[in-house]
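Student: I'd like to see how the words we use for a structure follow from their definitions. Could we take one together?

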Amino acid sequence: MTAPGPAARPPRIGVVDYGAGNLVSIGQALQAVGADVVLAHRPEALAGLDGLIVPGVGAAAPAMNRLRRRRLLEPVLAWLADDRPFLGICLGLQLLFEGSDEDGARTFGLISGRTSLLEGAPRLPHIGWNQVEVLRDHPLFDGISPQANFYFVHSYAGVPEGPEAGGMALAETEHGGRFVSAVARGRMAGVQFHPERSGRDGLRMIGNFVRSLGDTGASRELVAAGTGAR
Amino acid sequence: MLCHRVIPCLDVANGRVVKGTNFIDLVDEGDPPELAERYAREGADELVFLDITAAPEGRGTLLDIVERTARRAFIPLTVGGGVRHVNEMRDVLRAGADKVSLNTAAVADPDLIKRCARRFGRQAVVVAIDAKRRTDLPAGSPVAWEVYVRGGRLATGFDALDWAARAATLGAGELLVTSIDRDGTRSGFDTDLLRAISDRVTVPLVASGGAAGPADFVAAVREGHADAVLAASIFHRRMHSIAGVKAAMAAAGIPVRLDEGAAA
């Protein structure tokens, strides 16, 4: 998508590429809402970005190893420490916690609590569309029903703990028991489901993230055009 | 509550959606990405592409349509047919698929399931099981099903229930179970088969083979204990709409995703 005028520039979103799965769908969803997508597989690629997305499915330990090997861990942590706009998707959310019970990996440690197996789940993995019950207002859910369905595919989920836990949880979902399906603090957010695979509402959420990055020229206009097109 | 999924399946040959009987007399039914987008708009929860050419020279075409589909339909996509190696699975996922379905290759080399799951996570690995009721058992024997491969043409001697349990243990994140007896007959799902497998494993089960109308989708869930239901011809030929099927499921008290904006 080309920006209409010289002053206008689509927001540049980095998708952290650490070799963990499907970057195509998130890239294409971002393009559909009018963002410029940068696949960040080197630390230098984070320069000049307006927002950062860490996607991914699978286990934490290989993900942490790959982030280290590509020298991406430090810059991603620095980005988060500066409270710059961040969206973690699925494993990208789980990494924000202290560690994972799945393989014992130590992760970013920005949210108190660990990633644990979904308790009381009738079937695992938890695959399919499930209701995301929004607990408080947040720009990520603008224009989305507070009980909309999103697409999940996971067996583990982060469990916020400590005095901050209540303020951290942004949405909950039920699968056997209830678990936290979205978190937000400052400009950092994470979702356990896959907005890039959740149809209209998912695209709207990605558009909301892009729009929340502030005015980068024509971003507002482009985002509106992008979500309307589909 | 987790919704039960309705999944249209598109048979793809040489880059086109086709329909035929026993892989002959194939009729061209359109461009896969275009049909995929239509189904996404109409409320499909997920899509399955089954590459029935699966010849090595056709792979590039398949990857191209997967990529064009991922660009237009923002719902999950499973691709089956002809994946025999971890690297082939990697190529399909890189093109934009979310899951790969293994069938003949997994029976020939069960460890392939483990290797794929270790590399990409079990959520990306679907094992497709084509099963047929055994008719060679002595009278009075309990009902049993045998696994067939190569598009349902080759008997394997594998018991379907045992194979399902083994596939799940090896790393399948989901099972796609097709009744060969019912496939293409529009006489309803083999709910005995579905229930027997579903109750044996803890991974989700997708029912396939035999859908004629909305009541069959309800039965697949209620009697077959299926988590998701797949159908092809009744959607392609517009005999039933996805919205109509979901409305019937909802009326039966089955949780489904009712997309308010979906076109009927």
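Student: How many helices and strands does chain B have?

Tutor: The count is 10 helices and 12 strands, where helices (H or I, at least four residues) and strands (E, at least two) are DSSP runs, numbered from the N terminus. Do keep in mind that this is a predicted model, in which local features need pLDDT of at least 70, side-chain atom pairs count only at pLDDT 80 or more, and totals for chains, interfaces and linings use all residues. Residues are numbered from 1 along each chain as its sequence is written, while chains are lettered from A and ligands numbered from 1 in the order in which they are written.

Student: What makes chain B as compact as a globular protein of its length?

Tutor: The globule rule is 2.2 Å times the number of residues to the power 0.38, and the radius of gyration is taken over C-alpha atoms. For 264 residues the rule gives 18 Å, and chain B has 17 Å, close to that value, so the description fits.

Student: Which residues of α2(B) are called buried?

Tutor: Buried means that 20 or more other C-beta atoms, placed from the backbone, lie within 10 Å of the residue's own. In α2(B), Leu62(B), Ile65(B), Val66(B), Thr69(B) and Ala70(B) meet that.

Student: Why are they said to be on the same side of α2(B)?

Tutor: The arc is that of the directions from the helix axis to the C-beta atoms. These residues cover only 140° around the axis, so they share one side of α2(B).

Technical notes
Buried ≥ 20, exposed ≤ 12 C-beta atoms within 10 Å, placed from the backbone.
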